[in-house]
Amino acid sequence: MQARTKARRGIRGALLGAALTAALLLSSCSAGAGPQSTDPDSLTVALTGEPVNLDFTTTAGAAIPQALMSNVYQGLVAVDQTGAIKPLLATSWETNQANTSYTFTLVAGATFSNGAAFDAQDVKFSIERVKSDAWLNGLKSKMDVVKNVVVNSPTSVTVNLSRPSQAWLYSMTTLVGAMFDASGVADLANTPVGTGPYTLSSWARGDSISLTARPDYWGTAPSIKNVKLRYFADAIATTNALSTGDVDVIYNMQAPELLSTFSTNPDYQVLEGTSNGEIILSMNNKVAPFDDKRVRQAVLYAIDRQAVRDTAWNGLGTLVGAPVPPTDPYYEDLNSLYPFNPAKAKALLKDADAENVKITFTVPTRPYASAVAEIVQSQLRDVGIDAKITSAEFPAVWLDTVFNKHNYQMSVVLAVEARDVLTMFNNPDYYIGYDNSKISAEAAAADAGDTTSYIAGMKNVVRTIADDAPVDTLFIFPNISVAKAGITGLGANSVTEALNLSTIAWS
């Protein structure tokens with residue numbers, strides 16, 4: 001216990017030292033300056049995690065849909081800040097009595113950024129393309145339930161499902177529901193073509209993505225005409241950029257210890273919201289030592305999740321005990337399933353003949369991951385697990401090594417896709433490698449039932465997953481944004497991967 005306490009104090013001291021240094025830098029940079037004057041037609045947003053390309057149909061990761069969904073691409077439906085489904089390219093929809101058929105009425109006059117008209121043929125093409133070999137992103141499984149797509153007229157389309165599905169319409173609010181033009185998919189990695197209010201004007205790799213409002217947009221024109229998304233790998237550089245006026249917004253701030261710098265300054269506003277994002281301590285269930293459930297359980301008992309959250313993320317975020325955020329309809333608090341218990345962790349390791357085991361901990365180059373990793377490493381060391389931290393550049397190297405090739409033992413990542421528990425655990429070929437034979441039948445039965453049975457069934461599925469300890473959900477990531485005081489329309493909650501820019505304006 002004493003060794004663990006000293007380690008925590010050392011980590012916390014280092015973090016606080018960095019925060020104080022950064023605060024001094026901010027004070028120095030902003031002295032006598034303050035936020036620069038603003039152009040009401042322009043906005044610069046600071047983000048982390050630049051996309052490796054712009055094609056989310058073939059490339060995993062949240063950075064691409066964060067920049068492009070809602071802005072360049074749109075779906076038939078979307079979700080609002082509360083998570084409720086609302087019309088978008090579809091003005092309305094009807095279902096049959098069996099709940100296996102959805103007929104959508106489409107907006108009139110919508111066009112793609114290449115000038116092509118949007119109609120029911122594009123809906124058919126887009127959904128069928130997700131089910132084809134052209135789509136490589138693992139999220140395509142959300143469309144497996146689709147039987148066929150029937151064009152009724154240019155403004156009416158019917159999607160028939162092979163069985164009732166509680167989850168399918170919500171899936172249509174995500175990137176798998178994005179609408180494409182058949183003539184605009186030749187070079188999605190560099191030239192996205194969608195129906196959204198913005199079009200890509202330039203991409204300075206390693207620095208920024210610039211979007212320009214479309215003069216021919218079918219819907220309500222966005223207030224901001226020119227938006228630049230700037231990418232920073234360093235959290236302190238990001239906060240300095242806001243302080244000096246180089247950016248107008250920090251979205252999903254990666255340095256919570258620096259919030260006080262802005263929260264006490266009337267020139268800025270701090271928005272604290274929630275997200276779908278789970279900080280996942282992932283273990284490769286198909287390789288030793290984590291192919292043994294007892295070792296995975298030992299890890300969960302060894303981790304003091306509250307200490308991890310409090311030390312790494314300034315006490316912000318929600319403890320949940322399972323890979324389901326409170327915004328999901330089948331959420332329940334499972335923190336009591338694996339309480340902090342180092343003695344039990346040691347006993348499980350002994351029973352598994354895994355005492356003094358050595359592992360490699362592959363950590364992506366993200367502020368949250370670095371902060372979490374050192375604390376986790378210290379807590380694992382206390383129970384006899386020697387976790388050697390190796391850094392993997394994110395997103396390119398981490399996606400290739402961990403996510404695609406599954407060449408890792410332990411990692412940590414922010415999983416931000418909405419309602420992604422089955423994406424992660426109902427596919428044994430997913431990078432976690434969880435044996436889904438225990439849950440696949442019940443998950444399918446729950447999805448095919450009514451709302452009540454869906455929620456009850458999915459709660460059982462989540463409990464089964466949590467008991468098997470394939471990962472440790474450390475905490476739900478808070479969505480913290482800092483913006484100049486004159487900005488309005490920036491949503492506090494991160495309800496999908498997308499950062500909707502069309503609602504933002506200067507007051």
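**Cavities, a pocket and strand pairing in a predicted model**

The second largest cavity is lined by A46, L47, T48, A235, T238, T239, I250, Y251, N252, M253, Q254 and A255. The structure is a predicted model, and this cavity holds about 50 Å³ of space. Two elements, β1 (42-47) and α5 (235-243), each supply at least two residues of its lining. The largest share comes from α5, which gives 3 residues. By residue type, the lining of the second largest cavity divides into 7 nonpolar and 5 polar residues, with no charged ones.

A search of the whole structure finds 3 cavities of 30 Å³ or more. The largest cavity has a volume of about 70 Å³. It is lined by 14 residues, of which L300, G321, A322, V471 and T473 are the closest to its centre. Here α14 (451-468) and β17 are the elements to look for, as each of them supplies at least two lining residues. Strand β17 gives the most, with 3 residues. The lining of the largest cavity consists of 10 nonpolar, 2 polar and 2 charged residues.

Strand β17 is worth following a little further. It spans residues 471-476 and is mostly covered, with 6 of its 6 residues buried. Which way do β17 and strand β13 pair? Strand β13, made of residues 278-283, pairs with β17 in the antiparallel sense, over 5 bridges. One place to find this pairing in the model is L281, whose bridge partner in β17 is D472. In general, the strands of a sheet pair through backbone hydrogen bonds, and they can do so in a parallel or an antiparallel way.

Another part of the model shows how several strands can be placed side by side. An open sheet of 7 strands has the order β8-β9-β10-β1-β11-β18-β12, and its pairing is mixed. Which strands lie at the edges of this sheet? The edge strands are β8 (198-204) and β12 (268-273), each of which pairs on one side only. Strand β8 runs antiparallel to strand β9 (residues 208-213), and 6 bridges join the two. Within this pair, S202 has S210 of β9 as its bridge partner. As a helpful rule when looking along any regular strand, the side chains alternate between the two faces of the sheet. Strand β1 links this sheet to the opening paragraph: it is one of the 7 strands of the sheet, and it also supplies at least two residues of the lining of the second largest cavity.

The model also has pockets. The second largest pocket contains about 690 Å³ of space. Of the 38 residues that line it, those closest to its centre are S70, V79, K86, N500 and T503. Strand β2 (residues 77-79) provides the largest share of this lining, 3 residues. How many of the lining residues of the second largest pocket are nonpolar, polar and charged? The lining divides into 19 nonpolar, 16 polar and 3 charged residues.

Finally, a database record can be set beside the model. An unreviewed UniProt entry carries the annotation "domain: Solute-binding protein family", which covers residues 85-413. Over residues 85-413, the chain is 25% helix and 25% strand. The C-alpha atoms at the two ends of this stretch are 27 Å apart.

Notes:
Residues are numbered from 1 along each chain as its sequence is written. This is a predicted model: local features need pLDDT of at least 70, side-chain atom pairs count only at pLDDT 80 or more; totals for chains, interfaces and linings use all residues. Side-chain values use heavy atoms; hydrogens and water are left out. On a 1 Å grid over the protein atoms alone, a cavity is a set of points where a 1.4 Å probe fits but cannot get out, and a pocket is an open set with protein on both sides within 12 Å along at least five of seven lines; lining residues have an atom within 4 Å of a point. Grid points are joined across faces, edges and corners, and a volume is the space filled by probe spheres set on the points. Helices (H or I, at least four residues) and strands (E, at least two) are DSSP runs, numbered from the N terminus. Ala, Val, Leu, Ile, Met, Phe, Trp, Tyr, Cys and Pro count as nonpolar, Asp, Glu, Lys and Arg as charged, and the others, Gly among them, as polar. Two strands pair if DSSP finds at least two bridges between them. Buried means under 20% relative accessible area, exposed over 50%, partly exposed in between (1.4 Å probe, protein chains only). UniProt positions are given in the numbering used here, feature names are shortened, and annotations may be inferred rather than shown by experiment.
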